[in-house]
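Hi there,

Here is the structure I promised to pass on. Have a look at it first, and then read on for what turned up.

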Amino acid sequence: NMISRITLGELYEIRNPPSFMNLAKIELRDAEYEVDAFLTQLVRYPSAAPFISKKLIQYHGISNPSPGFVQRVTQAFISGTFTSGGVMFGNFKYGSLKAVAAAIT
């Protein structure tokens, strides 16, 4: 897979998603790899962490969270850890829901 970038105007630049499909011999695992790579690319987009964090906060009952609250949960989402009362939550992996849940509560 060769990395190429697409520029939209002067403001936005996106990377092409990797392709795992062999069109001569299509297999289910290739499609699964392709979907996994696409979803990983979506979640790792810079604006995805704040968006997902805000939606999870709203889902848990706070309809209009403060920017500081969203930032705290976003940081837990990105770093994969959150410490509260001397107890660390998460596993240091991007998008750790344990860390996010601890940051929300």
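**What turned up**

Helix α3 covers residues 67-79, and Pro67 is part of it. Please keep in mind that this is a predicted model. Is Pro67 buried or exposed? Pro67 counts as exposed because its relative accessibility is 70%, where the cut-off for that class is over 50%. If you want a distance to check in your viewer, try Pro67 and Leu8: their C-alpha atoms are separated by 29 Å, and the two residues are 59 apart along the chain.

Helix α3 also takes part in the largest nonpolar core. That core has 13 residues, and those touching the most other members are Ile57, Val73, Ala76, Phe82, Val100, Ala103 and Ile104. At least two residues of this core come from each of α2 (48-59), α3 and α4 (97-104). For a view from one of these residues, take Val73: leaving aside residues up to four places away in sequence, Val73 touches Ser53, Ile57, Val100, Ala103 and Ile104.

You may also like the largest pocket, which holds about 240 Å³ of space. Its lining is made up of 13 residues, with Ile14, Arg15, Gln41, Leu42 and Tyr45 nearest the pocket's centre. Both β2 (12-15) and α1 (28-43) supply at least two lining residues each, and α1 gives the largest share, with 4 residues. Sorted by class, the lining of this pocket has 6 nonpolar, 4 charged and 3 polar residues.

Happy exploring, and best wishes!

Technical notes:
Residues are numbered from 1 along each chain as its sequence is written. This is a predicted model: local features need pLDDT of at least 70, side-chain atom pairs count only at pLDDT 80 or more; totals for chains, interfaces and linings use all residues. Side-chain values use heavy atoms; hydrogens and water are left out. On a 1 Å grid over the protein atoms alone, a cavity is a set of points where a 1.4 Å probe fits but cannot get out, and a pocket is an open set with protein on both sides within 12 Å along at least five of seven lines; lining residues have an atom within 4 Å of a point. Grid points are joined across faces, edges and corners, and a volume is the space filled by probe spheres set on the points. Ala, Val, Leu, Ile, Met, Phe, Trp, Tyr, Cys and Pro count as nonpolar, Asp, Glu, Lys and Arg as charged, and the others, Gly among them, as polar. Buried means under 20% relative accessible area, exposed over 50%, partly exposed in between (1.4 Å probe, protein chains only). A nonpolar core is a set of buried Ala, Val, Leu, Ile, Met, Phe, Trp, Tyr and Cys residues joined through side-chain atoms within 4.5 Å. Contact means heavy atoms within 4.5 Å.
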